[in-house]
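The following paragraphs lead the reader through one protein model, from single residues to the sheet and the core. Please keep the sequence and the structure in view while reading.

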Amino acid sequence: MSFSTHVLDAVTGRPAAGVRVRLERDDGQVLAEGRTDEDGRIKRWDTGGGGVRRVVFDTGAYLPETFYPEVVIAFTVTDPERHHHVPLLLSPYAYSTYRGS
C-alpha cells in the first residue's frame, strides 16, 4: 500500500508546511511518520498490506489556537496495490478531507 497526503491551510490558502503526520494500523502500530514538506505534502510512504489505517495529523502544533489539536482520519485499504491519497483542508475551527487520487 502506498500513501500520500497534502495539507492545505484554508485560512491562508497556502500549503501547511511542517505538520507532523503519522500513519498507523488499526491496532496502533506506527507504519510511518514524518512532516509535510514546504508544499504541505508527504509524497509517498510504502507500507504494504490492507485493512484499516489511521492517518494522524498534529494540527495543534501547526495551529496553536485550533479547536482540533489532532485530526485522525481512518480509512480502509481494500486493494493494497492501489495508491491512497488523503488530503486535509485545515482551519482553526473546521477541517475537511476526501479520497484523493
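In this predicted model, Thr59 has a relative accessible area of 0% and is therefore buried. Thr59 belongs to helix H1, which spans residues 59-62. A polar atom of the Thr59 side chain lies 3.2 Å from the backbone oxygen of Pro69. Leaving out residues up to four places away in sequence, Thr59 touches Thr66, Tyr68, Pro69, Glu70, Val71, Leu88 and Leu90.

Two of the residues that surround this site lead on to the strands. Val71, a contact of Thr59, is part of E7, where the side chains alternate. In a regular strand the side chains alternate between the two faces of the sheet. Along E7, Val71, Ile73, Phe75 and Val77 point to one face and are buried. Val72, Ala74 and Thr76 point to the other face and are not buried.

How is the sheet that contains E7 ordered? The sheet is open and has 4 strands in the order E4-E3-E6-E7, with antiparallel pairing. Its edge strands are strand E4 (30-35) and E7, each of which pairs on one side only. From one strand to the next, the twist averages 15 degrees. Strands of a sheet pair through backbone hydrogen bonds, either parallel or antiparallel. E6 and E7 run antiparallel and are joined by 7 bridges; across this pairing, Val56 stands opposite Val72 in E7. E3 and E4 also pair in the antiparallel sense, over 5 bridges, and here Val21 stands opposite Gly34 in E4.

The nonpolar core may be considered next. The largest nonpolar core holds 20 residues, of which Phe3, Val55 and Phe57 touch the most other members. The elements that give two or more residues to this core are E1, strand E3 (20-25), E5, strand E6 (51-57), E7 and strand E9 (88-91). Of these, E7 gives the most, with 4 residues. The surroundings of Val55 can be listed in detail: apart from residues up to four places away in sequence, Val55 touches Phe3, Val21, Arg22, Leu23, Val71, Val72, Ile73, Phe75 and Val86.

Phe3 and Phe75, both among the contacts of Val55, also enter into the aromatic pairs. A pair of aromatic rings is described by the distance of the centres and the angle of the planes. The model has 4 aromatic pairs. The ring centres of Phe3 and Phe75 are 6.0 Å apart and the planes are at 15 degrees, so this pair is stacked. The pair links distant parts of the chain, with Phe3 in strand E1 (residues 2-9) and Phe75 in strand E7 (residues 71-77), 72 residues apart. Both Phe3 and Phe75 are buried. The rings of Phe67 and Tyr68 are arranged otherwise: their centres are 5.1 Å apart and their planes are at 85 degrees, so the pair is edge-to-face. Phe67 has a relative accessible area of 58% and is therefore exposed, whereas Tyr68, at 27%, is partly exposed. Phe3 and Phe75 also form one aromatic cluster with Trp45.

Strand E1 also contains Ser4. With a relative accessible area of 6%, Ser4 is buried. Which side chain does Ser4 join in a polar contact? The partner is His85, and the contact between the two side chains is 2.6 Å. Leaving aside its neighbours within four places in sequence, Ser4 is in contact with Ile42, Lys43, Arg44, His83, His84, His85 and Val86.

Arg44, one of the contacts of Ser4, leads to the last residue of this account. The side chain of Asp46 makes a polar contact of 3.1 Å with the side chain of Arg44. Asp46 lies in strand E5, which covers residues 41-46. Is Asp46 buried or exposed? Its relative accessibility is 56%, and Asp46 therefore counts as exposed. Residues up to four places away in sequence not being counted, Asp46 touches Met1 and Ser2. The C-alpha atoms of Asp46 and Ala32 are separated by 8.6 Å, and the two residues are 14 residues apart along the chain.

Methods
Residues are numbered from 1 along each chain as its sequence is written. This is a predicted model: local features need pLDDT of at least 70, side-chain atom pairs count only at pLDDT 80 or more; totals for chains, interfaces and linings use all residues. Side-chain values use heavy atoms; hydrogens and water are left out. Buried means under 20% relative accessible area, exposed over 50%, partly exposed in between (1.4 Å probe, protein chains only). A polar contact is a pair of N or O atoms within 3.5 Å; within protein, one must be able to donate a hydrogen and the other to accept it, and residues adjacent in sequence count only if both atoms are side-chain atoms. Contact means heavy atoms within 4.5 Å. Rings of Phe, Tyr and Trp (its six-membered ring) pair if their centres lie within 6.5 Å; planes under 30 degrees apart count as stacked, over 60 as edge-to-face and the rest as tilted. A nonpolar core is a set of buried Ala, Val, Leu, Ile, Met, Phe, Trp, Tyr and Cys residues joined through side-chain atoms within 4.5 Å. Two strands pair if DSSP finds at least two bridges between them. Axes are lines fitted to C-alpha atoms, for helices over the stretch in contact, and angles run from 0 to 180 degrees between N-to-C directions.
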